[in-house]
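Trainee: Could we go through this one together? I'd like to hear how each label is earned.

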Amino acid sequence: MEKEASLYHIEEGKIQCDLCNHRCIIPDGEHGICGVRKAKNKKLYTQVYGAISSRNADPIEKKPLYHFKPKTRAMSYGSIGCNFSCKHCQNYSIATAKPGDIPVEELTPEESVKLTKSNECKGIAYTYNEPTVWFEFNYDSAKLAKKEDLYTVYVTNGYMTKKALEKISPYLDAANVDIKAFNNTDFYENISSAQLKPVLETCKLMSEKGIHLELTYLVIPEENDDEESFKELANWIIEELGEETPLHLSRFYPSHKMLDKDPIPIKTLERAREVIIDQGMKYVYIGNVSQTQYANTYCPACDELLIERRGYSTKIKNLSDDDLCKNCGEKIDLIR
Ligand code: SF4
């Protein structure tokens, strides 16, 4: 499972990883922040090549991606490690694991594609833990997947370098990027040990490269739930990515090291949705709740119900085959 890393360089005898914006300088025998990349004998190695901690054939809506290949299933793979250390991580058992900590299944990129097809999935999602930290494997897997006419998806914190995104982008169809806070600049430092700016740069570059992009914003009480944050986030998305970018407001539940806070009230999420739509965003969803009408897609022009989602069951309703609202003719932004 150890393989030489693909993105690093040596400067003045020191190894620097070029995969994510931490850009760790790693002394011989030590690991980078993510805990899964090790410097050894003047080379950098990934220690998780093909180390799969979790896999499942998931509805694409679970990623969440609501405007990309609706009603299809994506073979979803996760490995171990993460370059963030979010106090509220919901997948901390794999994200904080180091090589050897938990059992993993060893897969080749060929097997990852074969399993996708045998499970009748239309594509692959690299998810559950941050795909950037097991880049080499998912890059090889995505390359093969494209040859087999499968789609590929990243569910990511967006902290990859421009170099890494440039490399994977020809083989990446869609991504859901987590934006963890917007105008609380301390949040990324204090809660996730990272910075917001590189995440926003990744979103812009994905959009420029034509990668279908949806965003997730986990709303946490007293951390990122103020009205100003919602307004500024909406304005930034509209200006830089377009008002048609789907945004998923996800409900916080106490988890990992953030057990002292209550779940965010659903009313706060509904108010946030209203504020963001008032700023001009077209598709704003509420997720991570058992049942809500705001998981549905409504026509941004006439409010007609177009796609109904209950749990992970998706029904396309008043939408023509060429994605026009059957009530008013509005073109809906959807990749089938
Ligand atoms: S992927 Fe990021 S956290 Fe991991 S070694 Fe490279 S720069 Fe450091």
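Trainee: How many residues of domain 1 are in contact with how many of domain 2?

Mentor: 14 residues of domain 1 are in contact with 17 of domain 2, contact being C-beta atoms, placed from the backbone, within 7 Å. Bear in mind that this is a predicted model: local features need pLDDT of at least 70 and side-chain atom pairs pLDDT 80 or more, while totals for chains, interfaces and linings use all residues. Numbering runs from 1 along each chain as its sequence is written.

Trainee: Where do the domains begin and end?

Mentor: Domain 1 is 3–46 and domain 2 is 51–295; such bounds come from an automatic or database domain assignment. Their C-alpha centres lie 25 Å apart.

Trainee: How do you know that the span of α6 agrees with a helix?

Mentor: Helices are DSSP runs of H or I, at least four residues, numbered from the N terminus. The expected span is 1.5 Å times one less than the number of residues. With 12 residues (197–208), α6 should span 16 Å, and its end C-alpha atoms are 17 Å apart, so the two agree.

Trainee: Which residues of α6 are called buried?

Mentor: Val199, Thr202, Cys203 and Met206. Buried takes 20 or more other C-beta atoms within 10 Å of a residue's own, exposed 12 or fewer, and partly exposed is in between; C-beta atoms are placed from the backbone.

Trainee: Why do they line one face?

Mentor: Seen down the axis of α6, the buried residues fall within an arc of 100°, so they line one face. The arc uses directions from the helix axis to the C-beta atoms. Exposed Lys197 and Glu208 sit on the face turned away.

Definitions and conventions: Helix = DSSP H or I, 4+ residues; strand = E, 2+ residues; numbered from the N terminus. Contact = placed C-beta atoms within 7 Å.
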